[in-house]
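I opened the model to go through its sheets, cores, a helix and a few odd backbone angles. These are my notes in the order I looked things up.

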Amino acid sequence: MNLPPLSLYVHIPWCVRKCPYCDFNSHAIPSSSKSYSSLPELDYIERLLLDLQDDLAWVRNRSICSIFIGGGTPSLFSGLAYQQLFAGLKQYLQLTHDCEITLEANPGTIEQARFEDYREAGINRLSIGIQSFNPQQLKTLGRIHDHNEAINAVSAARAAGFDNFNLDLMFALPGQSLDGAMSDLRQAIELEPKHLSWYQLTIEPNTEFYTKPPALPTDDNSAQIQEEGINLLASEGYSRYEISAYSQEGYEARHNLNYWTFGDYLGIGAGAHGKLTQPNGDILRTRKTKIPRDYLNPLKSPCTERLIVPSAELPLEFMMNALRLTKGFNLELFTKHTGLELKDIQPILQNLEARNLLAISYNHLQTTAKGSAFLNEVLMNFMD
């Protein structure tokens, strides 16, 4: 079996404080701590490298095409910590010559000198979590930065040599009007990022917003915001290549594209997940312990789960990713990355095509406008 591309995900679990909408595995720095220096940076980096060594047997010397350092807030860690991390990674992994290496950064936790250190460590792409430029929205969302810090973060990134960066921005925020959403988006575009992640705020279980839900725009208003925003982004040269991802030509996020085309990825760090295709075609899922204290405990294994995905679940897992791509994909990718025959899902595809939810032409599959709007309904057809 031809193995898919392989990426690496690194999770840094700490934040200054937990945002009320966030359902990621993030943990606020203890209130008794007076600075980020209290974080166990070097101990955590050492544990990450041990975690990686435990997984190496499952990847058999395959090259890494992209790395994403997410969180939490990875920009809480110093450049020195990342220099140590990459020195260790290069002892165990072969990185491709053009490996995309992204670090998530929050405007309230960075300084220009730190960006320069990240660049020196080998990081070549940033993803800056803005979410909104509106002071009231930032307060509602629990963000620790303000409008000026957001803009200064972009300036600092450029000054440190980062030309390739993403801005994270949300819409349909509590009480947000169409004008308010477009004002946020125009401000982001003025900063000229190569990539924009522009996505709708959703209320997730196990978040503060779930227990105390704010008043959000109606579905119709949210749809209007999205339509206006897509048109604005297109007019400014940003192509929508995935449900919530927009880029200038040639600057699509390669790491995320590997997820969406059902590629493989190692996952290290507290709460990290991995997907690793084996030479016999089996697909292995891994999951690491979520609590930082347990992850750092040398007496405990960092990996809490390794399981083979049943073949009956692979069509749904594949489609949950690939159908997010606005331009679709070649159907040969399904067989190549799952090991299943296309005939296994042919009746489902024909049914969805007949209902105008999918479009199939010359072995190419993509959702229709209707299918994109009702993607969850489309995916339910692959559950069996």
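**Three-stranded sheet.** I started with an open sheet of three strands, ordered β15-β17-β16 with antiparallel pairing. β15 (329–330) and β16 (358–361) are its edge strands, each paired on one side only. I note that the model is a predicted one. Between β15 and β17 (residues 364–367) I found two bridges in the antiparallel sense, and F329 stands opposite L365 of β17. I then looked for what covers this sheet: helix α13 (residues 346–354) lies across β16 and β17 and runs at about 110° to β16.

The loop between β16 and β17 holds Y362. I checked its backbone and read a positive phi of about 50°, although Y362 is not a glycine. Most residues other than glycine have a negative phi. Is Y362 buried or exposed? Y362 is exposed, with a relative accessible area of 83%.

**A second positive phi.** I looked up A172 next, in the loop between β7 and α6. Phi of A172 is near 60°, again a positive value in a residue other than glycine. A172 is buried, at a relative accessible area of 2%.

**Helix α6.** I followed the chain into α6 (residues 178–190), which has 13 residues. From first to last C-alpha, α6 reaches 18 Å, close to the 18 Å expected at 1.5 Å a residue. Which residues of α6 are buried? I listed A181, M182, D184, L185, Q187, A188 and I189. The buried residues of α6 pack against the strands β6, β7 (165–171) and β8 (195–200), and against the helices α5 (147–159) and α8 (219–235). Just after α6, E192 takes a positive phi of about 55°.

**Q131.** From α6 I moved to strand β6 (residues 125–131), where Q131 is found. Q131 has a relative accessible area of 5%, so I logged this residue as buried. Setting aside neighbours within four places in sequence, I found Q131 in contact with Y21, L141, R143, D168, L169, M170, L173, D184 and Y199. D184 is also among the buried residues of α6.

**Cores.** I went on to the nonpolar clusters. In soluble globular proteins, nonpolar side chains tend to be buried together. The largest nonpolar core here has 69 residues, and I67, Y82, F115 and I123 touch the most other members. A second, separate core has 25 residues, including L316, M319, F334 and L340. I listed the contacts of I67, leaving aside neighbours within four places: L8, V10, F86, L89, L95, C99, E100, I101, T102 and H255.

**L85.** Helix α2 (residues 79–92) contains L85, whose relative accessible area is 0%, so L85 is buried. Beyond four places in sequence, L85 touches V10, I45, L48 and L49. V10 is also in the contact list of I67. As a distance check I took P135, 50 residues from L85 along the chain, and got 36 Å between the two C-alpha atoms.

**Cis peptide.** Ahead of α2 I found a cis peptide bond joining G71 and G72, with omega about 20°. G72 is found in the loop between β4 (64–71) and α2.

**Strand β13.** I then examined β13 (residues 283–288), which is mostly covered, with five of its six residues buried. Strand β12 (residues 273–277) runs antiparallel to β13 and is joined to it by five bridges; G274 stands opposite T286. The hairpin of β12 and β13 has five residues between the strands, and G281 in this hairpin takes a positive phi near 100°. β13 also runs antiparallel to β14 (residues 303–308), again with five bridges, and here L284 stands opposite I308.

**Cysteines.** My last search was for disulfides, and the whole structure gave zero. Why does C15 not bond to C22? Its sulfur is 6.2 Å from the sulfur of C22, the closest cysteine sulfur, so the pair is too far apart for a bond. C15 counts as buried at 10% relative accessibility. I also checked C303, which is buried with a relative accessible area of 15%.

Note on methods:
Residues are numbered from 1 along each chain as its sequence is written. This is a predicted model: local features need pLDDT of at least 70, side-chain atom pairs count only at pLDDT 80 or more; totals for chains, interfaces and linings use all residues. Side-chain values use heavy atoms; hydrogens and water are left out. Two strands pair if DSSP finds at least two bridges between them. Helices (H or I, at least four residues) and strands (E, at least two) are DSSP runs, numbered from the N terminus. Contact means heavy atoms within 4.5 Å. Axes are lines fitted to C-alpha atoms, for helices over the stretch in contact, and angles run from 0 to 180 degrees between N-to-C directions. Buried means under 20% relative accessible area, exposed over 50%, partly exposed in between (1.4 Å probe, protein chains only). A nonpolar core is a set of buried Ala, Val, Leu, Ile, Met, Phe, Trp, Tyr and Cys residues joined through side-chain atoms within 4.5 Å. The expected span of a helix is 1.5 Å times one less than its number of residues. A disulfide is a pair of cysteine sulfur atoms within 2.5 Å.
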